[in-house]
Amino acid sequence: MIGIAAAWIIVLLLGGGVALDRVLVNAVTRNFDNQLEYTLTAMIASAEIDPTGEVFFNRPLGDQRFLEPNSGLYWQISGVGHEDFTSRSLWDRALEQSEPHDDLETHLYDSNQFADEPLRMVERSVTLPDSEVRWTFQVGQSREGLDAQVSEIRSILINSFLLLALGLIGMAALQTLYGLWPLRKIRKAIGEMRTGQQKRVSEPMPNEVTPMVDELNELLDHNEKQAEEARRHAGNLAHALKTPLTVIMNSATAKADDLADTVIRESGVMRRQVDHHLARARAVGRRGHAHSRSRVWPSLQAVERAVGRLYKHVRIDIDGDKDAAVSVERQDLDEMIGNLVENAAKYGGGSVFVTVEPGDEFVELLIEDDGMGIPAEERQRIFDRGARLDTGKPGTGLGLAIVRDVAEIYHGTVSLEESEDLGGLMVRLCLPRSAVTS
């Protein structure tokens, strides 16, 4: 940032300096030329022709330098067939004319006819009264004074712009360092968090970086929650696998006759536990993804076909908004709907009714059955891992726990109520609505 600012300042000052140099040099040169033209006009106004046809001045020119030899200010009047009429300052020298021109305009130019004295010249051709000769009036002045003024102006410009450039670059450097200094504090705070000295960026920061610090602290909170969630799941999984492994080890140690059946049964339990925690892990990994959008109706149709093949005696009806979409990955949506519909088919009386009701922020899926239902005092406990009210049917009691955990990961909810139409259980699954239905 400092380098870019310095380069931009130098470019702008160079451009401005060159432009200002041209303006000032032109102004000084124009003023110098105006003085020469004023002297030339005075010469022409004072010039007359004597009886012999030669030119003379009816009054002397006021500048005394014309009377001092080699003073640096000279004049000369020339005419074809006539001797040059020159100022005493020229002494034994004469002014050369510029390239031939056939006009009566004033001409300004630089001349190096005197090796040790560059001149600024002005000349004009004039036809005087009572004379047919075209006289050339010339005034020349040494450029020493003009060049000295130009050099002084350029020296002042260079020194001023150099000082201005250093000041601006220094100010840009200070501004950059001061403006970015809070980032050093953030870097230090992050280093302290990495070494365990602190947990958050707690030092007050300027308003410009406060939003970034807030986002950083929120990210740390999110990561801590995920880490804690991962530790909790690992502990839950270890605890869930501990009992089946103990049963298998005890049967193997005792060389039980039903060892094979025990291994198969307990392996199934462990597989369900692993599937449950893998489902949670996948949902956590996909949570908050900007493109997590799924249509509800295709998932319902797929689940209806799969459950219908397992429970051929069960009638499954679906109704509601066919275009509703939720901010959930399709695989997780299928997992939740599949568990709920399968439970309704397994524990119901043969009829399952699913309704899709879209709202402003959530889409509600109502899964109803005509079974015995669940008493109100047992509805909360049934969400616990392994909790089962009907132990006469196969299962591990993880279905509702999976649905609750995955729904909460996507900021949804699941609750148990009584079905008014079918008389059994109604599960209300609320999931965040997605505005995109494709």
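Let me start with strand β7: 8 of its 9 residues are buried, so β7 is largely enclosed by the rest of the structure. Before I go on, please keep in mind that this is a predicted model.

So what sits around β7? It belongs to an open sheet of 5 strands, in the order β4-β3-β7-β6-β5, and the pairing is antiparallel. At the edges stand β4 and β5, each with a single partner strand, so one side of each has no neighbour in the sheet. Helix α1, residues 2-46, packs on this sheet and touches β3, β5, β6 and β7. The direction of α1 makes about 140° with that of β7.

Now the two neighbours of β7. On one side we have β3, which pairs with β7 (residues 134-142) in the antiparallel sense over 6 bridges. If you want to find that pairing on the screen, look for Q76, whose bridge partner in β7 is Q138. You can also look for W75, which stands opposite V139 in β7. On the other side, β6 and β7 run antiparallel and are joined by 9 bridges. Here a handy landmark is V126, with W135 as its bridge partner in β7. β6 and β7 form a hairpin with 6 residues between the strands, and in that hairpin D130 takes a positive phi near 65°.

While we are on strands, one general reminder: in a regular strand the side chains alternate between the two faces of the sheet.

Next, the aromatic residues. How many aromatic pairs does the structure hold? There are 4. One of them is Y74 with F114, an edge-to-face pair at 6.0 Å centre to centre, with 85° between the planes. This pair links distant parts of the chain, 40 residues apart: Y74 is in strand β3 (residues 73-78), and F114 is in the loop between β5 and β6. Are Y74 and F114 buried or exposed? Both are buried. Another pair is W75 and F85, again described as edge-to-face, with 4.9 Å between centres and 70° between the planes. W75 lies in strand β3 and F85 in strand β4, so this pair ties together parts that are 10 residues apart in sequence.

The two members of that second pair have their own surroundings. W75 is buried because its relative accessible area is 7%, under the 20% cut-off. F85 is partly exposed, with a relative accessible area of 27%. And there is a third ring to add here: F57, W75 and F85 form one aromatic cluster.

Let me go back to F114 for a moment, as there is a charge to point out. The charged end of R93 sits over the ring of F114, 4.1 Å from the ring centre.

Now a serine that I'd like you to click on: S87, in the loop between β4 (85-86) and β5 (107-111). Is S87 buried or exposed? S87 is buried, with a relative accessible area of 2%. Which residues does S87 touch, leaving aside those up to four places away in sequence? They are F66, L73, Y74 and W75, and you have already met Y74 and W75 as members of aromatic pairs. Closer along the chain, the side chain of S87 makes a polar contact with the side chain of S89, at 2.8 Å.

For contrast, have a look at E83, in the loop between β3 and β4. E83 is exposed, with a relative accessible area of 68%. Its C-alpha atom is 9.6 Å from that of V55, and these two residues are 28 apart along the chain.

Finally, let's move further along the chain. Here 5 strands form another open sheet, in the order β9-β11-β12-β14-β13, and the pairing is mixed. The edge strands are β9 (315-320) and β13 (413-418), each pairing on one side only. From one strand to the next, the twist averages 15°. β13 pairs with β14 (residues 425-432) in the antiparallel sense over 6 bridges, and the bridge partner of E418 in β14 is L425. Helix α5, residues 296-310, lies across β9, β11 and β12, and runs at about 175° to β9.

That's my tour, and I'm happy to rotate the model for anyone who wants another look.

Note on methods. Residues are numbered from 1 along each chain as its sequence is written. This is a predicted model: local features need pLDDT of at least 70, side-chain atom pairs count only at pLDDT 80 or more; totals for chains, interfaces and linings use all residues. Side-chain values use heavy atoms; hydrogens and water are left out. Helices (H or I, at least four residues) and strands (E, at least two) are DSSP runs, numbered from the N terminus. Buried means under 20% relative accessible area, exposed over 50%, partly exposed in between (1.4 Å probe, protein chains only). A polar contact is a pair of N or O atoms within 3.5 Å; within protein, one must be able to donate a hydrogen and the other to accept it, and residues adjacent in sequence count only if both atoms are side-chain atoms. Contact means heavy atoms within 4.5 Å. Two strands pair if DSSP finds at least two bridges between them. Axes are lines fitted to C-alpha atoms, for helices over the stretch in contact, and angles run from 0 to 180 degrees between N-to-C directions. Rings of Phe, Tyr and Trp (its six-membered ring) pair if their centres lie within 6.5 Å; planes under 30 degrees apart count as stacked, over 60 as edge-to-face and the rest as tilted. A charge sits over a ring if NZ of Lys or CZ of Arg is within 6 Å of the ring centre and within 35 degrees of the ring normal.
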